[in-house]
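Me: Could you take me through a close look at one part of this model, the surroundings of the ligand and the annotated binding site? I'm new to this, so please explain the terms as you go.

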Amino acid sequence: SLFEHFSDIPHREYDFIIIGGGTAGNVIANRLSENPNISILVLEAGGSDRGAYLTQVPYYGLTKLPGSQYDWGYSTVPQPNLDNRVIPYPRGFVLGGSSSTNLMVYTRTSAGDFDRYAAVTGDNGWSWNQLKPYFYKNEKLTAPADGHNPSGQYNPIFHSTSGMVGVSLPGFPRGSDPLILQTASRSSEFPFKLDMNSGNSLGVGWVQSSIKGGVRSSSATSYLSDQYLGRPNLHVLVHARVTRLIKTSSSAHGPVFRGVEFTQNAGASKTILNAKKEVILSAGSIGTPAILMHSGIGDATTLQSLGITSTLNLPSVGRNLTEHPISAIVWRVNSTNTFDSIDRDPAASAAAETLWNTTHTGTLTTSLTTQIGFFRFPNTHPIFNGMEDPASGPTTPHYEFIFSNGWILGETPPTDNYFTISFAAVQPTSRGSITLSSSDPLAAPIIDPNLLGTNYDRATLREGMRAARRFIQDPVFNGYLLDEVTEVGDSDDSIDEYIRSLTAVVFHPTGTAMMSAKGAQYGVVDPDLKVKGAVGLRVVDASIFPFVPSGHTQAPVYAIAERASDLIKADC
Ligand SMILES: Cc1cc2nc3c(=O)[nH]c(=O)nc-3n(C[C@H](O)[C@H](O)[C@H](O)COP(=O)(O)OP(=O)(O)OC[C@H]3O[C@@H](n4cnc5c(N)ncnc54)[C@H](O)[C@@H]3O)c2cc1C
């Protein structure tokens, strides 16, 4: 059941308390509650997703969710390599977490990413082959919203139709689709890829998205759909902001953290509950390290200087923040068939909304893109001079293109129509941090992704921009593309200056409670996701990745949460 007020909940004792009803947290809640003898409480800071219209309409993920009531509304500290700009850093503040507010691109990323997790943790269970069944448990491939036959747009052998989260090919054609596909069909540098969810993501292909029947599919609409929420052993409390974990005792294996303190009224009063078995921390890459540090779990000296009593010295908490930096290049086009024509015309926007409301079809059923692409720099590329290739493996991409049939850099200009290629570094070498500004658990943490902090990352975006310009050299774009909107030359300096002025994040923070091998001198969790040196506490969310996956992060988060559920069950 779902509760708004703690006083309405009939129990005061649970086997498991899950902190964060987000992407990962709701997977755990669902899987653990399959056993009717296990009781579970989920504490979610945001409200219910039921009736949250903006989270349902796929297109509004781009245009209306950032900065809305469903967003934590974070931003970074000024980024020195981005002209000291402060970058907005949205995170889902609603049941379903960021799966309720993201842009729904569904990529499993590269097999090499997972094989590297297995190698660095010494646990082969994190390898691509062993995680495959968990990807399948997550995915429920469904028909596109417009009912077209997607044959030729994906390879069915890599998919599951029996999982939980609805996934589909785009349900509304975009004017730029044929141009992109034609270019890819004859390009050796940017070749067509039938299915980038095979473990090898290289190439240009149709995007798969967490959309079902033209409606967003999130961890809340799937793993917490009414049939699961109705389980008597599963309680979900919304508007419950966790402030600290409480050390409940000491043991031969370290301090025991089975207590959770939370507030429903902005700190005016706090409640403490104890889990009989475990606390599962799934508050995401920003929330999780913040909660750990407010509980005294982190770098002891730093915490003590903030007036927080150290309970467990784990200096890696909040470090290793890794994010995909992204920039974009835009052209004016000789067409009115782009989403600009709808976005700036209130009557057309209202008609699109009416169509979606009545049939869940039309332009609002897709998000910012219908094709994406992943590419590598050749091994001999000078970008690797003096360094090792940072990619997780020989078929792991270095950069990504996201094609958009319109203007996506904020408010649509009043005139003209546009084509955008966004380019992102997907194996960046910069590392940032989450730290605390004070001992107040309700204060926002300090978010410093250190975007473009290395020469390699800067060079990746520079070369990504040049690659985007090469992509549109295919003759199919002749006459379609008019001029490049941003008149930037080709010198390193002019491209770098442009990129500094525009770069933002793909919203993929990871690594702030990273897993490492058992006994390693660094890291926050062991390969079984238990917090090192603690008892009764696990972390399951995007913060545990030791390296950022080389694509969009939601499917990897779902997969690790599915496996984590089995690890937790095996311990019960
Ligand atoms: C705007 C945006 C666009 C994105 N686009 C894509 C995309 O297109 N494709 C893709 O694959 N990925 C995308 N991502 C990334 C992806 O959604 C995330 O990597 C993934 O959802 C993270 O899952 P998580 O479980 O770690 O965290 P979340 O899903 O964010 O869950 C954390 C939950 O914990 C709750 N919480 C936090 N602190 C507390 C607290 N103190 N007390 C109680 N609850 C708390 C939060 O409210 C939230 O519900 C996007 C993300 C964003 C924000």
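Reply: **A close look at the binding site**

Met-104 counts as buried, because it has 26 C-beta neighbours inside 10 Å. The cut-offs are these: a residue is buried if 20 or more other C-beta atoms lie within 10 Å of its own, exposed if 12 or fewer, and partly exposed in between, with C-beta atoms placed from the backbone. Keep in mind that this is a predicted model: local features need pLDDT of at least 70, side-chain atom pairs count only at pLDDT 80 or more, and totals for chains, interfaces and linings use all residues. Residue numbers start from 1 along each chain, as its sequence is written.

So where does Met-104 sit? You'll find Met-104 in the loop between β5 (88–89) and α4 (111–121). Those labels are DSSP runs, numbered from the N terminus: helices are H or I with at least four residues, strands are E with at least two. Leaving aside neighbours within four places in sequence, Met-104 is in contact with Pro-58, Gly-61, Ser-209, Ser-210, Ile-211, Arg-216 and Ser-367. Contact here means that two C-beta atoms, placed from the backbone, lie within 7 Å.

Met-104 also has a label from a record: the UniProt annotation "binding site", from an unreviewed entry, covers Val-94, Asn-102, Leu-103, Met-104, Val-105 and Val-242. These residues span 149 residues in sequence and the farthest two C-alpha atoms are 29.3 Å apart, so they do not all gather at one spot. The UniProt positions follow the numbering used here, feature names are shortened, and annotations may be inferred rather than shown by experiment.

Now for Val-242, which is in strand β12. Val-242 is buried, because 25 other C-beta atoms lie within 10 Å. Not counting residues up to four places away in sequence, Val-242 touches Ile-19, Leu-43, Val-260, Glu-261, Phe-262 and Ile-291.

Next, the ligand. It is surrounded by 41 residues, and the closest are Gly-20, Gly-22, Gly-97, Gly-287 and His-552. Two or more residues of this shell come from each of α1 (23–32), β12 (241–246), α9 (284–294) and α15 (554–571). To count as near, a residue must have its C-beta atom, placed from the backbone, within 6 Å of the molecule. By class, the shell holds 17 nonpolar, 20 polar and four charged residues. Nonpolar means Ala, Val, Leu, Ile, Met, Phe, Trp, Tyr, Cys and Pro; charged means Asp, Glu, Lys and Arg; the others, Gly among them, are polar.

Helix α9 deserves a visit, since the largest share of the shell, four residues, comes from α9. Eleven of the eleven residues in α9 are buried, among them Gly-287 and Ile-291. Remember those two: Gly-287 is one of the closest residues to the ligand, and Ile-291 is touched by Val-242. After α9 comes Gly-296, with a positive phi near 85°.

One last stop concerns backbone angles. Most residues other than glycine have a negative phi. His-239, though not a glycine, has a positive phi near 55°. His-239 is found in the loop between β11 (234–237) and β12, and it is partly exposed because 18 other C-beta atoms lie within 10 Å.
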